[in-house]
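Open the model in your viewer and keep the sequence panel in sight. This tour goes from stop to stop, saying what to select and what is there.

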Amino acid sequence: RFGGTYYGHNDITQSYYSNIALETPYELFINPGIRKEEHETHGSTIIPSVFVSKNISKLNLRLRGGYSKGIKYAGIYESYDTPRLKPEKNKAYEIGFDKKINQNISVSGTYFRTLIYDLIAYKYSGSSNNYKNIQEAQSKGLELFSNVFLPRGVRAKLWYTRLLTEARKTENLGGSSNWTDGKAMLRRPKHSGGFTISKVNNLFNINLDGTYTGQRWDYESYTDRDSNEFFWIFNLYADYNLMTDEKDLYKIKPFLRINNIFNDNHQQILNFDSPGRVIFFGLKANI
């Protein structure tokens with residue numbers, strides 16, 4: 001250890017995991033699992049999970065649900081000035097469905113709720129900036145996903161997430177306005193989503209995707225939070241099969257990738273600009 005912190009200290013973590021897939025009558029599937037974490041500093045933790053699904057073949061429908069626990073240990077940077085940080089722990093519940101509308105369209109929906117204990121949060125006070133544990137927080141929401149097969153071999157994916165978050169029992173942060181009981185957690189957008197349109201065949205591959213990140217709260221100072229505006233980011237990837245042998249043993253493909261096609265000036269983190277347009281091109285060879 002250095003200076004009474006974790007900086008420069010190597011923690012050893014050993015994990016043991018086991019699960020089993022059970023298929024019962026009436027197309028009911030049960031998948032229980034258990035993981036054991038042995039952490040040099042934080043000791044032993046048992047993390048269970050169970051997921052259940054039920055197929056209804058005549059309706060082309062699958063119903064599913066699950067429960068799991070999780071743990072996240074503080075990183076070296078987070079524990080640099082706070083060596084006694086507790087690991088984050090959570091309990092997650094979800095219920096959802098997968099439905100095949102026809103040969104070309106399928107949809108999925110999932111409702112989820114996660115309770116987080118000892119969430120690691122940054123306290124910005126101007127004089128003593130460090131990470132501390134919030135006693136409790138929660139997130140809940142809805143995820144929607146659709147897979148669509150269009151004419152001429154074009155495939156589209158669409159997704160949307162509505163997320164509601166709330167910080168609770170934030171006394172450990174000394175009353176910082178950025179983490180206040182009943183307020184939304186920072187940097188978690190209420191609305192997000194996107195799409196992917198792709199076409200793949202033996203000659204070429206082209207993929208266009210767009211990702212939407214909605215408005216979310218961030219900290220301006222330890223006394224003020226501010227709104228970080230929404231943005232769209234579009235990316236393009238394409239390659240062309242320039243050369244191949246008859247047995248498909250090797251391929252040579254020129255490729256092009258453009259990130260942030262429209263050079264959008266956005267901020268993932270408030271007051272820090274993200275990269276603008278980036279263009280990559282080159283050759284890929286499978287030999």
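Select Glu-27 in the loop between strand 2 (22–24) and strand 3 (28–39). Strands here are DSSP E runs of at least two residues, helices are H or I runs of at least four, and both are numbered from the N terminus. Glu-27 is not a glycine, yet its phi is positive, about 55°. Its relative accessibility is 33%, so Glu-27 counts as partly exposed. The classes are buried (under 20% relative accessible area), exposed (over 50%) and partly exposed in between, with a 1.4 Å probe and protein chains only.

A word on the source: this is a predicted model, in which local features need pLDDT of at least 70 and side-chain atom pairs count only at pLDDT 80 or more, while totals for chains, interfaces and linings use all residues. Residues are numbered from 1 along each chain as its sequence is written, and side-chain values use heavy atoms, leaving out hydrogens and water.

**Whole chain**

Colour by pLDDT, the predictor's confidence in each residue, from 0 to 100. The chain averages 88, and 90% of the residues score at least 70. Among the elements, strand 10 (residues 191–200) has the highest mean, 97, and strand 15 (residues 243–244) the lowest, 69. Over residues 1–5 the pLDDT is below 50; this stretch has nine contacts in the model beyond near neighbours in sequence. Contact means heavy atoms within 4.5 Å.

Switch to cartoon. The chain has 17 strands and zero helices. Of its 287 residues, 33% are buried. Among contacts with a separation of 6 or more, 52% are between residues 24 or more positions apart.

**Strand 4 and its surroundings**

Select Ser-44, in strand 4 (residues 43–56). Ser-44 counts as partly exposed because its relative accessibility is 44%. Not counting residues up to four places away in sequence, Ser-44 touches Lys-36, Glu-37 and Glu-38. Now add Ser-15: it lies 29 residues from Ser-44 in sequence and 9.7 Å away in space, C-alpha to C-alpha.

Stay with Glu-38. It forms a salt bridge with Lys-36, and the closest N and O atoms are 3.2 Å apart. A salt bridge needs a side-chain nitrogen of Lys or Arg within 4 Å of a carboxyl oxygen of Asp or Glu.

**The largest nonpolar core**

Which residues make up the largest nonpolar core? Select Ile-116, Leu-119, Ala-121, Ile-134, Ala-137, Ala-167, Trp-179, Met-185 and Leu-186, nine residues in all. Such a core is a set of buried Ala, Val, Leu, Ile, Met, Phe, Trp, Tyr and Cys residues joined through side-chain atoms within 4.5 Å. Strand 7 (105–123) and strand 8 (130–150) each supply at least two of its residues. Strand 7 gives the most, with three.

Zoom in on Leu-119, in strand 7. At 4% relative accessibility, Leu-119 is buried. Beyond four places in sequence, its contacts include Ile-134, Ala-137, Trp-179 and Met-185. The C-alpha atoms of Leu-119 and Arg-168 are 10.0 Å apart, with their positions 49 residues apart along the chain.

Step back to Asp-118, also found in strand 7. Asp-118 has a positive phi of about 60° and is not a glycine. Its relative accessible area is 18%, so Asp-118 is buried.

**Salt bridges**

The whole structure holds nine salt bridges. Select Asp-98 and Arg-62, whose closest N and O atoms are 2.6 Å apart. This pair links distant parts of the chain: Asp-98 is in strand 6 and Arg-62 in strand 5 (residues 61–72), 36 residues apart. Asp-98 counts as buried at 17% relative accessibility, whereas Arg-62 is partly exposed at 34%.

Next, select Asp-218 and Arg-187, a salt bridge at 3.1 Å, N to O. Asp-218 is in strand 12 (residues 216–221), and Arg-187 is in the loop between strand 9 (154–168) and strand 10. Asp-218 is buried, with 2% relative accessible area. Arg-187 is partly exposed at 37%. Then add Glu-136, Glu-166, Arg-168 and Lys-169, which salt bridges with shared partners join into one network.

**Last stop: strand 6**

Select Ile-95 in strand 6 (residues 88–100). Is Ile-95 buried or exposed? At 55% relative accessibility, Ile-95 counts as exposed.
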